[in-house]
Amino acid sequence: MSNILIQAENLSKYYHLGDQKIMVLKDISLSINRGEFVVIAGNSGSGKTTLLSVLSGLDRPSSGKIIMGDKDITELTEDQLAPVRNTMMGFVFQAFHLIPSLNAIENIMFPAELRKDPKAREKAQSLLDQVGLHDRGKNFPEQLSGGEQQRVAICRALINDPEIVFADEPTGNLDSENSAGVIQLLVDLHKERNVTLVIATHSQALAGRADRIVRLYDGSIEEG
Ligand SMILES: Nc1ncnc2c1ncn2[C@@H]1O[C@H](COP(=O)(O)OP(=O)(O)OP(=O)(O)O)[C@@H](O)[C@H]1O
Ligand SMILES: [Mg+2]
């Protein structure tokens, strides 16, 4: 098995705004190894979220391709892509994106239930235990602190045992104490599970823990 998990080739992405064409990613080629922890850095508006969305197949590039494992995900239809996203990838967002009408356990179980995993509840409880929230399973999102909500969201991202977790500014809505907790949790998960982590962030503290930093500048990348 090749050590490369994601190979992005000549990615470009532009948005149309009225009759204006806004070029956000310009001919980016990038490869990410299995088990690597990569931070995507860059100023606000430099295209971090766009790059993450395109790499994970949440959005399509304007040109170029993305090979994930042995699949060219740019060639898949939305129906073909959805199960790949659900089983191979986990997602963590700045605003947590938990479902308000489901409690913590049910939120975590959700991606596993989509694939009818009979062990969904058991796995969700075990993940909650691991992130120090064993007694919070019945709390609804509004009954959890921001840091706790993000820990639940990280459990949800892990429930299908993904090969790769994408996170967009995972500490962006947290105070410094909760940020430090979430950063440590991500670092531990990376070490323990050998999961590939791709995180877009402004946080120097988070970037400092990465194996590699990819910096976006004027639509292109600089490494190091
Ligand atoms: N749907 C869209 N339509 C038009 N322009 C867009 C769209 N989404 C993003 N942009 C523009 O693309 C550029 C990159 O946006 P993006 O959200 O990727 O930046 P970012 O690096 O994640 O910024 P931040 O650090 O503030 O989250 C910005 O100039 C933004 O205004
Ligand atoms: Mg962003």
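**Exercise 1.** In this predicted model, determine in which sense strand 3 and strand 9 pair, and over how many bridges.

*Solution.* Locate the two elements: strand 3 covers residues 37-41 and strand 9 covers residues 212-217. Their pairing is parallel and runs over 4 bridges. A specific pair can then be named: I40 has V214 of strand 9 as its bridge partner.

**Exercise 2.** Establish how strand 9 pairs with strand 10 and what connects them.

*Solution.* Begin with the sense of pairing: strand 9 and strand 10 are antiparallel, with 4 bridges. Within this pair, L216 lies opposite I221 of strand 10. Next, examine the connection: the two strands form a hairpin, with 2 residues between them. In the turn, D218 has a positive phi of about 55°.

**Exercise 3.** Characterise the pairing of strand 7 with strand 8.

*Solution.* Strand 7 comprises residues 164-168, and strand 8 comprises residues 196-200. They pair in the parallel sense over 5 bridges. F166 is found opposite V198 in strand 8.

**Exercise 4.** Place these strands in the sheet and explain why one side of strand 6 and of strand 10 is left without a neighbour.

*Solution.* First, write the strand order: the open sheet has 6 strands, arranged 6-7-8-3-9-10, and its pairing is mixed. Second, inspect the edges, where strand 6 (89-93) and strand 10 (220-223) stand. Each has a single partner strand, and therefore one side of each lacks a neighbour in the sheet. Finally, consider the twist, which averages 20° from one strand to the next.

Technical notes
Residues are numbered from 1 along each chain as its sequence is written. Chains are lettered from A and ligands numbered from 1 in the order in which they are written. This is a predicted model: local features need pLDDT of at least 70, side-chain atom pairs count only at pLDDT 80 or more; totals for chains, interfaces and linings use all residues. Side-chain values use heavy atoms; hydrogens and water are left out. Two strands pair if DSSP finds at least two bridges between them. Axes are lines fitted to C-alpha atoms, for helices over the stretch in contact, and angles run from 0 to 180 degrees between N-to-C directions.
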